[in-house]
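Q: I'd like to take a close look at one part of this model with you. Could you walk me through it, and then show me some of the other features alongside?

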Amino acid sequence: MPDRPDHAYLDHAASTPMRPEAIAAMTPFLADHPGNPSGAHGASRATKTALEEARETVAAVCGCQPQEVVFTGSGSEADNLAVKGGAWEARAHDPRLDGVVTSGIEHKAVLGACDRLESEGFRVARVPANGDGVVDLDALARALDDRTAVVSVMLVNNETGVRQPINEIARLVRNVAPRAVVHTDAVQAPQWLDLASATADVCLVAMSGHKFGGPKGVGALIVRAGTELVPLVEGGGHERGLRAGTQNVAGIVAFATALRITHGRRAEDTARIAALRDELERGLAAQVSGFAVNGASAARVSGILHCTFDGVEAETLLLALDQQGVMAASGSACSSGAVDPSHVLLAMGMPRERALSSVRFSLGYASTHADIDAALAIVPEVVAKLRVT
Amino acid sequence: MPRVMVMMSGGVDSSVAAALLHERGHDVTGVTLKLWGGESDSGCCSVADVEDARRVAAQVGIPHYVFNFSDAFEADVVEPYVDAYAAGETPNPCVECNRTMKFGRVLERARRLGYDFVATGHHARVVLTDDGPALARAADRAKDQSYVLYMLGAEELARTLLPVGELTKAEVRAHARALGLRTADKRESMDVCFIKRGEREAFLGARIPRRSGAIVDEQGVIVGTHDGIDAFTIGQRRGLGVAVGERRYVTDIAVGTATVTVGPRDALLHERVRLRDVRWSRTRCDARAMLVQSRAHGTPAIARLDGDELVFAWPHPRVAPGQVVAFYDGDLCCGGGIVAD
């Protein structure tokens with residue numbers, strides 16, 4: 001029997017290892033520079049400079065102006081600021097603006113914010129996706145009207161990896177609901193897509209550092225000029241008054257460093273990772289019966305393989321794989337760590353039982369051929385064992 | 001090395017069960033069941049309890065997973081519980097959970113994953129008899145939980161470990177303290193895990209259309225009214241809303257007419273009760289003279305089985321339909337049944 005690597009981390013869509021360059025860049029701001037970037041002395045100037053350089057780096061990658069970058073504590077916070085802040089701002093200007101349009105496949109950060117708005121009296125439309133996981137544009141068009149305040153559709157789905165036509169949606173909104181702001185949750189995108197072009201027509205773009213080699217606990221929201229928001233956190237006027245609180249300078253520096261490196265290496269990383277993903281996909285298809293790839297005929301990002309194993313409970317499969325060192329995911333883990341049937345798959349019209357038999361393998365910049373070898377050595381064997389009654 | 005999947009609720013008993021199995025050198029995996037998505041304030045379901053289980057597992061040095069059985073729990077435990085109340089019965093959801101979840105789905109999943117045993121923190125013992133493995137009362141009689149496991153047959157028992165059944169509760173807590181487990185002094189959960197304390201009627205009221213009816217005495221004289229029979233159980237004394245001289249107990253519930261009958265304590269005493277779903281473990285006891293227990297921590301009575309009727313040696317307070325009667329031969333649990341009417 002060939003040697004097996006002792007583990008294969010295939011959950012990069014949940015969190016990536018940090019880029020070494022990002023760790024190196026942030027360390028001085030933990031160890032050497034105590035200054036509050038809002039202060040007026042030498043120690044503060046050092047951190048303030050680093051903060052603003054980071055902002056410029058992010059702006060350059062995203063194709064926006066530095067003052068359009070708002071750092072937050074997470075991708076979820078960025079989503080909440082965009083959706084709630086945009087809706088509250090619109091209604092404050094014109095009480096008739098009470099419509100929110102989103103999709104059923106959004107991350108819970110967006111869906112949760114929409115639920116909150118609904119409880120406050122906003123009309124919320126949650127548009128379904130087709131069987132390949134692409135948001136139904138006809139249904140979206142029907143949900144829009146001249147009272148729509150916010151439209152929020154993600155750029156890349158976090159479970160299936162399917163890319164959503166956000167620029168097309170933005171143009172549609174401009175024609176049908178001209179007063180609405182368009183937000184996109186781009187948390188899964190930076191590793192795979194050029195954000196500047198992929199979000200060119202969008203007002204608000206949310207990101208999260210730990211999805212592309214940055215640290216956990218740092219996010220950003222691009223707020224394009226002319227888009228007004230009501231802040232979630234008020235106080236000392238940080239981040240143009242949109243997010244009070246002393247900035248996480250070390251985290252932000254690492255965020256920007258990771259984003260810059262990710263951007264610079266995207267072409268070569270993406271090609272290499274796509275080849276690894278395809279090898280995993282082909283290998284599983286060849287070795288496992290009752291195996292189906294979800295979102296197969298849609299435009300998928302290179303690092304995600306979302307698939308269904310007939311007759312195998314994902315919860316059982318993930319446990320068995322973990323015990324063999326293969327780390328993958330299913331659905332969206334809730335706060336207790338239990339696996340719920342994925343709302344994304346249900347919104348795509350997948351039957352509940354199939355949704356509960358679906359697993360996501362996700363790759364990232366740190367993935368290697370050894371990970372794929374390990375997965376191909378272990379997954380078919382484990383699936384076969386679990387199918388024996 | 002035996003592979004054991006231990007169900008960890010986040011309480012002290014299952015924490016120590018996991019620790020003991022690990023100390024014995026078994027290959028142990030901890031799992032916590034997410035059974036209930038709704039509101040509750042105790043039991044198996046809260047994030048805090050899952051976190052306690054996870055932390056204890058980390059401290060003991062075993063992997064830990066969460067199984068989401070909330071769909072199955074709703075279908076197999078909560079719905080039958082509600083239906084039973086709607087039919088005027090007083091069900092025991094813990095028994096159903098043990099049967100369908102812990103020793104049903106989890107046992108099956110563990111088997112599928114190649115585990116040799118499942119384990120829980122129940123205070124009961126699995127002992128080896130000439131007839132095979134049998135369920136026996138716990139070393140700590142006051143904490144004995146064999147009653148809620150009465151349905152386990154030899155097949156399940158052969159794949160079940162109940163390590164804390166050999167210890168007293170004080171020893172369990174002492175062991176947890178010695179290991180520095182964060183659950184060492186956690187208080188016990190006593191209520192139905194999916195219903196908040198004191199909110200049973202509200203829970204049922206939201207799921208069953210309530211039908212008001214009369215409260216009558218033994219002679220059929222109306223002495224009051226009520227808003228729904230699900231608020232009542234046989235033997236209940238409190239909350240009847242009936243002002244009469246002496247203490248009155250619910251002695252009968254007629255579902256068809258939604259009539260609740262109250263009477264003196266003596267009226268509750270019966271000699272015979274009909275059972276359904278009687279099941280025996282492989283260790284049969286003498287059906288002509290056995291010990292029977294009709295409450296989780298009740299005192300056993302002597303009875304014999306006459307067809308599907310349980311005949312008490314002495315008049316016994318009436319047991320509500322839906323309740324479990326477990327059969328014992330000394331310390332051995334040899335089966336049981338459910339009160340039919």
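In which loop of chain B is the place of Glu89(B)?

A: Happy to help, and please keep in mind that this is a predicted model. Glu89(B) sits in the loop that runs between α3 (70-86) and α4 (93-112) of chain B. Although it belongs to a loop, Glu89(B) is buried: 24 other C-beta atoms lie within 10 Å, and the cut-off for calling a residue buried is 20 or more.

Who are its companions there? If we leave aside the neighbours within four places in sequence, Glu89(B) is in contact with Ala84(B), Ala320(B), Pro321(B) and Gly322(B). There is also a link to another part of the chain: the C-alpha atoms of Glu89(B) and Asp341(B) are separated by 8.4 Å, while the two residues are 252 residues apart along the chain.

Let's turn to how the two chains meet. Chain A gives 11 residues to the contact and chain B gives 10 residues. On the side of chain A that touches chain B, helix α10 (residues 314-323) of chain A supplies the largest share, with four residues. By character, that side of chain A divides into five nonpolar, four polar and two charged residues.

Within chain A, a helix pair is worth your time too. The axes of helix α9 (residues 266-287) of chain A and helix α13 (residues 369-387) of chain A come within 10 Å and cross at roughly 15°. Because of that angle, α9(A) is roughly parallel to α13(A). Their crossing is right-handed. From α9(A), the residues in the contact are Leu276(A), Glu279(A), Leu280(A), Gly283(A), Leu284(A) and Gln287(A), and they meet His369(A), Ile372(A), Ala375(A), Leu376(A), Val379(A) and Pro380(A) of α13(A). The residues of this contact between α9(A) and α13(A) divide into eight nonpolar, three polar and one charged.

Finally, have a look at the sheet in chain A. Three strands form an open, antiparallel sheet in the order β9-β10-β12. β9 (291-293) and β12 (358-362) of chain A stand at the edges with a single partner strand each, so one side of each has no neighbour in the sheet. On average, and with direction ignored, neighbouring strands of this sheet are turned by 30° against each other. Strand β10 (residues 304-309) of chain A pairs with β12(A) in the antiparallel sense over five bridges, and Cys307(A) stands opposite Val359(A) in β12(A).

How values were computed: Residues numbered from 1 in each chain as written. Chains lettered and ligands numbered in written order. Predicted model: local features only at pLDDT ≥ 70, side-chain atom pairs only at ≥ 80, totals over all residues. Axes fitted to C-alpha atoms, helices over the stretch in contact; angles between N-to-C directions. Helix = DSSP H or I, 4+ residues; strand = E, 2+ residues; numbered from the N terminus. Parallel < 35°, antiparallel > 145°, perpendicular 65-115°, else oblique. Left-handed = near helix turned anticlockwise from the far one by under 90°. Contact = placed C-beta atoms within 7 Å. Nonpolar A, V, L, I, M, F, W, Y, C, P; charged D, E, K, R; others polar. Pairing = 2+ DSSP bridges. Buried ≥ 20, exposed ≤ 12 C-beta atoms within 10 Å, placed from the backbone.
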